[in-house]
Amino acid sequence: MSEKLDRARAYEEEKRTQTPEGSKCVFHLTPAVGWINDPNGFSRYQGEYHLFYQYHPYSTVWGPMHWGHQKTRDFIKWEHLPCALAPDTGYDGQGCFSGSAVEHEGKHILMYTGVLDRMEDDGRHTLRQTQCIAVGDGINYEKLPENPVITAQALPEGSSKEDFRDPRIWKEGDTFYAVAGSLGADGSGQIALFSSADAGKWRFESILDANGGRYGKMWECPDFFPLEDSQILIVSPQFMHAEGLEFHNGNNAIYFVGSYDREKKKFLRKEARSVDYGLDFYAPQTVETADGRRVMTGWLQSWDNYLTPEEFPWSGIMSIPRELELRDDRLIQNPVRELERYRQNEVSHKGVTLSEKAGKTELEGVRGRVLDMTVEADVSRSDALTLHLAAGEGFETTLSYEKGKGTLTTDRTYSGLKKDLLCTRSMYVDANEGKLKLRLLMDKYTLEVFVNDGEQAMSSVIFTPPEAEGIAFSCKGESSLDLVMYEIMV
């Protein structure tokens, strides 16, 4: 083990024991200390699920990337494990960037991007991103002496040597495969496919798919997997331009449904859609569970809107892991069913009538910041319906449906922010025959909304003081709703 890794492990353990009880999310993964971003290495290993992540333990802003590490049996209760990787070699000395993992013959294989970034003696700047392997036992990992195992020399002529990262490894039969994002000769994103018999020696197979300048530039953090009778490609494009309410400016997370031509090693895709329509969601990664489900998690933060309060010793939250299905070529997302085991203290209201004249309506027992709440509303006789969340002492975050526009909007303007950051985002929703179904998960600083049984997801973070627990409902016109709410206790 290197001195850098030893230091990171000692530091995170010291700080973890100093963290005040109850100061973090209850059922969402957060770091022991420091900064985290992209989920990495989401994988099943020896009957448990491991999740690594981009990690800078020494501050709450991005820094030289390590791999933090946690594991779970049920996606809800997470166990901290020692830091898995540190930037401690010549080929990854400036960062162990994003990657993935797979189990093989009792070993846990991590595949990640190593970053070399230095000024040469003659004043030239050298920047290289290469793909590397580390093998371990679920706690300790040893980097292969053959690293890096893939360099940009393997890519088609004209491809970038500087932007080549985020490998996604998997195994089919006796063969390992990996996809990684890079920039092609045209300066836009492409997904390269590689194969290997032993995860040590790799060969280039094809450009699985190419951006062609259509969806941003670099495609980060690709994930490529079968789902039902289709093949899914998820990518996180940089430098996108907004298109209606489907895509926003900057970094997005998008998916394509399509098919995979294994002979030509090409992905044949249909139209692109956003994975999540909220203010904070990026770089999702999936795992296949032991019972055959495809489960996804993402990073609940935006690169362009840093909200973490200055006094926090940690920054970064992972989304609730979500089960994925397909419906009419759309990705359906719902919280993992294991969450239901942690529901307590049910509160139910049926046939609640809301009116504009009555103003905000509070319901007995409906309040809190750690909850799972489903609202089924009849909006056929209203112009708008608003849920007032995390409310109190001048604070609130609203979730509003406007019938005339057909939109659902998250607004955290009054969530307690002290900087002029982006606060609203909207998406189009279907109110089928005037009915709208919303499932809301709140976990102190998170708000995740699942619309109409998972047809769309909208995730945002709110750093409102935890004591602001009020929940109320209002409308323009008249509405009625049924509600069931549970506290989540882990």
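A residue counts as buried when its relative accessible area is under 20%, and as exposed when that area is over 50%. The exercises below apply this and related criteria to a predicted model.

**Exercise 1. Cysteines**

Determine how many disulfides the structure holds, and describe the surroundings of C132 and C423.

Solution.
- Step 1. A disulfide requires two cysteine sulfur atoms within 2.5 Å. The structure holds zero such pairs.
- Step 2. For C132, the nearest cysteine sulfur belongs to C96 and lies 7.7 Å away, and C132 is in no disulfide.
- Step 3. The relative accessibility of C132 is 0%, so this residue is classed as buried.
- Step 4. C423 is likewise in no disulfide; its nearest cysteine sulfur, that of C25, is at 19 Å.
- Step 5. With a relative accessible area of 12%, C423 is also buried.

**Exercise 2. An open sheet**

State the strand order of the sheet that contains strands 5 to 8, and identify which strands stand at its edges.

Solution.
- Step 1. The four strands follow the order 5-6-7-8 in an open sheet, with antiparallel pairing.
- Step 2. Strand 5 (96-104) and strand 8 (141-143) each have a single partner strand; they therefore stand at the edges, and one side of each has no neighbour in the sheet.
- Step 3. From one strand to the next, the twist averages 25°.
- Step 4. Strand 5 is joined to strand 6 (residues 107-119) by eight bridges in the antiparallel sense. Within this pairing, G99 has Y112 of strand 6 as its bridge partner.

**Exercise 3. Strand 24**

Establish whether strand 24 is largely enclosed or left open, and which residues stand opposite L387.

Solution.
- Step 1. Strand 24 spans residues 382-392, and eight of its eleven residues are buried; the strand is therefore largely enclosed by the rest of the structure.
- Step 2. Seven bridges pair strand 24 with strand 31 (residues 470-488), running antiparallel. In strand 31, F473 stands opposite L387.
- Step 3. Strand 24 is also joined by seven bridges to strand 25 (residues 395-402), again antiparallel. In strand 25, the residue opposite L387 is L399.
- Step 4. Strands 24 and 25 form a hairpin with two residues between them, and E393 in this turn has a positive phi of about 55°.

**Exercise 4. D453**

Locate D453 and list its contacts beyond the residues up to four places away in sequence.

Solution.
- Step 1. D453 lies in the loop between strand 29 (446-451) and strand 30 (456-461).
- Step 2. Its relative accessible area is 42%, so D453 is partly exposed.
- Step 3. Setting aside residues up to four places away in sequence, D453 touches R327, I332, N334 and K437.
- Step 4. N334 is 119 residues from D453 in sequence, while their C-alpha atoms are 7.1 Å apart.
- Step 5. The side chains of D453 and K437 share a polar contact of 2.8 Å.

**Exercise 5. Nonpolar cores**

Describe the largest nonpolar core and the elements that contribute to it.

Solution.
- Step 1. This core has 36 residues, and those with the most contacts inside it are F27, L29, F42, F75, I76 and M318.
- Step 2. Elements giving two or more residues to the core include helix 1 (3-18), strand 1 (34-45) and strand 2 (48-56). Strand 2 supplies the largest share, four residues.
- Step 3. Beyond residues up to four places away in sequence, F42 touches several residues, among them F75, W78, V287 and M296.
- Step 4. A second, separate core has 35 residues, including L371, V375, L436 and L440.

Terms used. Residues numbered from 1 in each chain as written. Predicted model: local features only at pLDDT ≥ 70, side-chain atom pairs only at ≥ 80, totals over all residues. Heavy atoms only, no water. Pairing = 2+ DSSP bridges. Axes fitted to C-alpha atoms, helices over the stretch in contact; angles between N-to-C directions. Buried < 20%, exposed > 50% of the residue type's maximum accessible area, 1.4 Å probe, protein only. Contact = heavy atoms within 4.5 Å. Polar contact = N/O pair within 3.5 Å; in protein donor to acceptor, adjacent residues only side chain to side chain. Core = buried A, V, L, I, M, F, W, Y, C linked by side-chain atoms within 4.5 Å.
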